[in-house]
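Let's take a walk around a few annotated spots in this protein and see what surrounds them. Have the 3D view open as you read.

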Amino acid sequence: MATPHINAEMGDFADTVLMPGDPLRAKYIADTYLENVRQVNDVRSMLGYTGTYQGREISVMGHGMGIPSVSIYAKELITDYGVKSIIRVGSCGAVRDDVNVRDVVIGMGACTDSKVNRMRFNDHDFSAIADFELTSHAVAAAKAQNVPVKVGNIFSADLFYNPQTEMAELLKRYGIVGVEMEAAGLYGVAAEFGARALTICTVSDHILKGDSLSSADRQTTFNDMMTIALDTVLRDDAAKA
């Protein structure tokens, strides 16, 4: 049954959904990596697709920008469509000297300046962490493909244009491997509703060095990230078999 934000029918989504922020990136992923693709959502142009990868049914759908947006879509996918696992495949910024543009980052945990997880956790601190099995499968997939990755804590910011410019140096001091806007919310939703989640990002810009990819490059420069994400799904299936 359709929700206020998704007009798919029950059964249209696979049990695992890959979620980029941009719906056009979702279309690119479906067209590039999946076979037998069908569109399953177009509400507010937040495009969603289901297809197969090496015979395994997988869905891909955009989640928009920011924790409020990803939280809406993740919640409805889990509670209304029976989705069990969500892997965010997006872009992030870097602050550490050893993390560079085009590197792949795996978010083992997610700090945030948002209050959403305190709201769902009685105003207490909530450790927003990724699912361990998905994380370990992603690391194994990266090693198998000889893709170096940085695994660690990421930071989900509420503001893209943050007036607190000193934050970048603080994040660097605490070893943050990537800065983005959704993972902490996604991990909180998954925990609340009993699903699994992981975030894998390609570094699109370095906040302190000033290096960055163009908007066009951001659409297509994430093949390493996508092959890791897809292999993660297959490895997760194999581990359950």
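## Annotated sites and their surroundings

Let's begin with glycine 21, which sits in the loop that links strand 1 (16-19) to helix 1 (23-33). Keep in mind that you're looking at a predicted model.

Why pick that glycine? The UniProt record, an unreviewed entry, lists a "binding site" at Gly21, Arg25, Arg44, Arg88, Val89, Gly90 and Ser91. Which residues does glycine 21 touch, if you skip those up to four places away in sequence? They are Met46, Gly62, His63, Gly64 and Arg88. Arg88 is also on the "binding site" list. Another residue on that list is Arg25, and you'll find arginine 25 in helix 1.

The same unreviewed UniProt entry puts an "active site" at Asp205. Aspartate 205 belongs to strand 9, which covers residues 196-206.

Now for a residue in another loop: glutamate 182 lies between strand 8 (178-180) and helix 6 (183-193). Leaving out neighbours within four places in sequence, glutamate 182 is in contact with His63, Gly64, Met65, Gly66, Ile67, Val70, Arg88 and Ser156. You've met some of these already: His63, Gly64 and Arg88 are among the residues that glycine 21 touches.

Are these four residues buried or exposed? A residue counts as buried when its relative accessible area is under 20%, so here's how they come out:

| Residue | Relative accessibility | Class |
|---|---|---|
| Glycine 21 | 17% | buried |
| Arginine 25 | 7% | buried |
| Glutamate 182 | 5% | buried |
| Aspartate 205 | 18% | buried |

Next up is strand 5, residues 85-94. Why is strand 5 described as largely enclosed by the rest of the structure? Because nine of its ten residues are buried.

Which strands does strand 5 pair with? Strand 1 is one of them: the two run parallel and are joined by four bridges. To see where they meet, look at threonine 16, whose bridge partner in strand 5 is serine 85. Strand 9 also runs parallel to strand 5, with ten bridges joining them. Here arginine 88 stands opposite threonine 199 of strand 9.

That brings a few threads together. Arg88 is part of the "binding site" annotation, it's touched by glycine 21, and it's also in contact with glutamate 182. Its partner strand, strand 9, is where aspartate 205 is found, and Asp205 is the position that the UniProt record marks as "active site".

Conventions
Residues numbered from 1 in each chain as written. Predicted model: local features only at pLDDT ≥ 70, side-chain atom pairs only at ≥ 80, totals over all residues. Heavy atoms only, no water. UniProt positions renumbered as here; feature names shortened; annotations may be inferred. Buried < 20%, exposed > 50% of the residue type's maximum accessible area, 1.4 Å probe, protein only. Contact = heavy atoms within 4.5 Å. Pairing = 2+ DSSP bridges.
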